2 protein chains.
Amino acid sequence: MTQLNKRLTAGRKRAVSPKQASARRAPIDQLLDPALFKALCDPTRVSLLACLLKCGRACTVSEVAECCSVDFSVVSRHLAMLEQAGALESAKTGRTVSYKVRRADLTKTLRTLADAVEGCCMNPNDEPRDSGTCSSC
Amino acid sequence: MTQLNKRLTAGRKRAVSPKQASARRAPIDQLLDPALFKALCDPTRVSLLACLLKCGRACTVSEVAECCSVDFSVVSRHLAMLEQAGALESAKTGRTVSYKVRRADLTKTLRTLADAVEGCCMNPNDEPRDSGTCSSC
DNA sequence: TGTTCAATTGCGTCATTATGCAAGTGTAAG
DNA sequence: CTTACACTTGCATAATGACGCAATTGAACA
């Protein structure tokens, strides 16, 4: 360790335990909410999302159902679940329902999460932080 | 639609079907791999990841196990799964194993995915793209 | 060599979830 | 009003996954 680093870390409590760290509330706790990941962890749902992304427009349930081999009702449920998770939005016209990707929101969510992961309790010298003075969290 | 937009979209095949779109290979197909999401969709695993993030250093399995109420063996399995998914890395010294977050890689993965979601088959006028000329995919 | 400790792995159980079929809901058209 | 269509929902089944306990591995130490 360099003299500079020694000076920077002087006076800190060292080696905060994971137990202490997890008791601390941080933005990452909200952003790592499993709800979106739960929606994206199923291969069928992911393929439906990719289909809608690549199609680049709003599509009806019937159209999307042609993209994969599962039952129509399963597609309907998956799309509803993706909407619930905030990845899609729907619009009903007559008896048809169209889904499209909430592109901007999804992008923002991912970027915000990336920022939080990058910055959470980050220490340029890779040293443990105090339990109370973590400025980035 | 403005005259300019009419000119820009002239000669395009319109309204590509989701079936056609999903047949097209795009970067988003690789980036939306469910493996990472599968690792992040469980509340216990997410809390372990958040714990390691907030702790800001490498932690042993025993230390992390103190953060949550599940069995030690469960924590061991969860950490191994997070490592397999690319979110953590481990280092063995003697009989203890330390895990820490692969912060840079995780951040990059999320940002790359965000970029792909944002740009995939994006059309400023929200019109469908050709099936063969999607420059951003 | 035998003991202790950290961690992993095997296995049974319980809960969750994905799926398909069938029935139901709501809207448009004849 | 009746029919046809797009979609949703109820329900049973099968697959997946989380969990705890116990046994095992592997390393340090007396």
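**Exercises: the protein surface near two DNA strands**

By class, the surface near DNA strand D comprises 6 nonpolar, 9 polar and 8 charged residues (nonpolar: Ala, Val, Leu, Ile, Met, Phe, Trp, Tyr, Cys and Pro; charged: Asp, Glu, Lys and Arg; polar: the others, Gly among them). This is a predicted model, in which local features need pLDDT of at least 70 and side-chain atom pairs count only at pLDDT 80 or more, while totals for chains, interfaces and linings use all residues. Residues are numbered from 1 along each chain as its sequence is written, chains are lettered from A in the order in which they are written, and side-chain values use heavy atoms, without hydrogens and water.

**Exercise 1.** Determine which residues come closest to DNA strand D and which polar contacts they and others make.

*Solution.*
- Step 1. DNA strand D is surrounded by 23 residues (near: a heavy atom within 4 Å); the closest are S62(A), S76(A), R45(B), D71(B) and H78(B).
- Step 2. Sugar and phosphate make up 61% of the atoms of DNA strand D within 4 Å of the protein.
- Step 3. For polar contacts (here, pairs of N or O atoms within 3.5 Å), a backbone N or O atom of D71(B) lies 2.5 Å from a phosphate oxygen of strand D.
- Step 4. Base oxygens of strand D lie 2.7 Å from a side-chain N or O atom of R77(B) and 3.2 Å from a polar side-chain atom of R95(A).

**Exercise 2.** Identify the contacts of DNA strand C with R45(A) and S73(A).

*Solution.*
- Step 1. R45(A) is among the nearest of the 23 residues around DNA strand C.
- Step 2. A side-chain N or O atom of R45(A) lies 2.6 Å from a phosphate oxygen of strand C.
- Step 3. A side-chain N or O atom of S73(A) lies 2.9 Å from a base nitrogen of strand C.

Notes:
A polar contact is a pair of N or O atoms within 3.5 Å; within protein, one must be able to donate a hydrogen and the other to accept it, and residues adjacent in sequence count only if both atoms are side-chain atoms.
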